[in-house]
Amino acid sequence: MFNKNEQKRLAYQMLVFDEVIKQGSFTAAAESLGHTKSAVSQYVSQLESGLGVRLLNRSTRQLNLTVVGKKLAERSEQLLELLSMTLEEVKSHELAPAGRIAITAPHAFEAGLVTPIIAHLCHEYPKLTPELMFTDERLDLLQNNLDIAISVGPQKDSNYHAIPIGTLDSILVASPGYLAKRSVDEMELGSHHLVTLPWQHQAVLHKNYGERILFSTDKQLKVNTSISAINSVKCGVGIGLMPSIFVREYLDSGLLQRVLPEYRGEIREVYALHSYQQQLPLVLRRFVDKLKLALNRGD
């Protein structure tokens, strides 16, 4: 019984042996494989030695296969065909991705970012079967059998690879109805009703030339997703500190208005987490690249 290393060595020697049979000589096989004639002859001799049989009867003019050599020649040809088929399947898979891809992302990324990108990829690769999980919780990749996790903010130390794909900046917004009842002044921000997210406990707002104020008050509506926060602000509950990319359409339509435009919240990094040891598969690389482009376009 051969071990794995011996099997690998014998497999390559069989491929060299197959080329010798096809070309009809050691010289022609050496030219085809890019080896020297002596190297090709040595590979065949090592194959005979490893198997303990004679495969060829050599003469100055021609090569004659032994009975065992003929049988091995058939097997080596089958091995080459299997190798060629495997390589073609891998190449075809890379060119036309198919099957399951599983991605998780925060709720706010769903409508304007992740879903349109996945829809485009599904049109491009009809055999894809995506599974999307939208949650503001950080799901573990391995525990949840996920390929990619989109995560915002500082990342805990882990064995996963984190690809930086963009940033989110936050601005203060309110509904026209809310602003019709109350004016907003930076000195009295703490007197307003604020819609806050879990990571916005005493968030710091930065002014263009360095001044800072706290985004904090006792009058809070606490929600756990950016979508809920945006909807609450649209309903006139209070002021919200929202990522600009997720409220742009509401600002354009007039459903929301920006307040204290000289102030911004912290800039938060966005990452694509994965557990692949080598390069991401083609379709996941395409997804990450498209998401990166969309986030950068939103700057």
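**View 1. Ser232 and its contacts in helix H7 of a predicted model.** Leave out neighbours within four places in sequence, and Ser232 is in contact (heavy atoms within 4.5 Å) with Val195, Leu221, Val223 and Val237. Ser232 sits in H7, residues 226-234; helices (H or I, at least four residues) and strands (E, at least two) are DSSP runs, numbered from the N terminus. With 14% relative accessibility, Ser232 counts as buried, which means under 20% relative accessible area, while exposed is over 50% and partly exposed is in between (1.4 Å probe, protein chains only). A word on the model: it is predicted, local features need pLDDT of at least 70, side-chain atom pairs count only at pLDDT 80 or more, and totals for chains, interfaces and linings use all residues. Residues are numbered from 1 along each chain as its sequence is written, and side-chain values use heavy atoms, with hydrogens and water left out.

**View 2. Helix H5 and what its buried residues pack against.** H5 runs over residues 110-124, and its 15 residues should span 21 Å at 1.5 Å a residue (the expected span is 1.5 Å times one less than the number of residues); the end C-alpha atoms are 20 Å apart, which agrees. Leu113, Val114, Ile117, Ile118 and Leu121 are the buried ones to look for. An α-helix has 3.6 residues a turn, so residues three or four places apart point the same way. The partners of the buried H5 residues are strand E3 (99-105), strand E4 (128-134), helix H8 (244-253) and helix H9 (282-297).

**View 3. Helix H1 against helix H2.** H1 (residues 4-23) and H2 (residues 26-33) pack at about 120 degrees, with axes 8 Å apart; axes are lines fitted to C-alpha atoms, for helices over the stretch in contact, and angles run from 0 to 180 degrees between N-to-C directions. The pair is therefore oblique, given that under 35 degrees counts as roughly parallel, over 145 as roughly antiparallel, 65 to 115 as roughly perpendicular and the rest as oblique. From H1 come Val16, Glu19, Val20 and Gln23, and from H2 come Phe26, Ala28, Ala29, Ser32 and Leu33. By class, that contact has six nonpolar, two polar and one charged residues (Ala, Val, Leu, Ile, Met, Phe, Trp, Tyr, Cys and Pro count as nonpolar, Asp, Glu, Lys and Arg as charged, and the others, Gly among them, as polar).

**View 4. Helix H2 against helix H3.** Here H2 meets H3 (residues 37-51) at an angle of about 105 degrees, again with axes 8 Å apart. That makes H2 roughly perpendicular to H3. On the H2 side look for Phe26, Thr27, Ala29 and Ala30; they meet Lys37, Val40, Ser41 and Val44 in H3. The class count for this contact is five nonpolar, two polar and one charged residues.

**View 5. Lys207 in strand E9.** Lys207 belongs to E9, residues 203-207, and counts as buried at 13% relative accessibility. Beyond its neighbours within four places in sequence, Lys207 is in contact with Glu186, Glu262 and Tyr263.

**View 6. Lys219 in the loop between strands E10 and E11.** The loop holding Lys219 links E10 (212-215) and E11 (220-222). Lys219 is partly exposed, at 38% relative accessible area. Not counting residues up to four places away in sequence, Lys219 touches Ser191, His192, His193 and Leu194.
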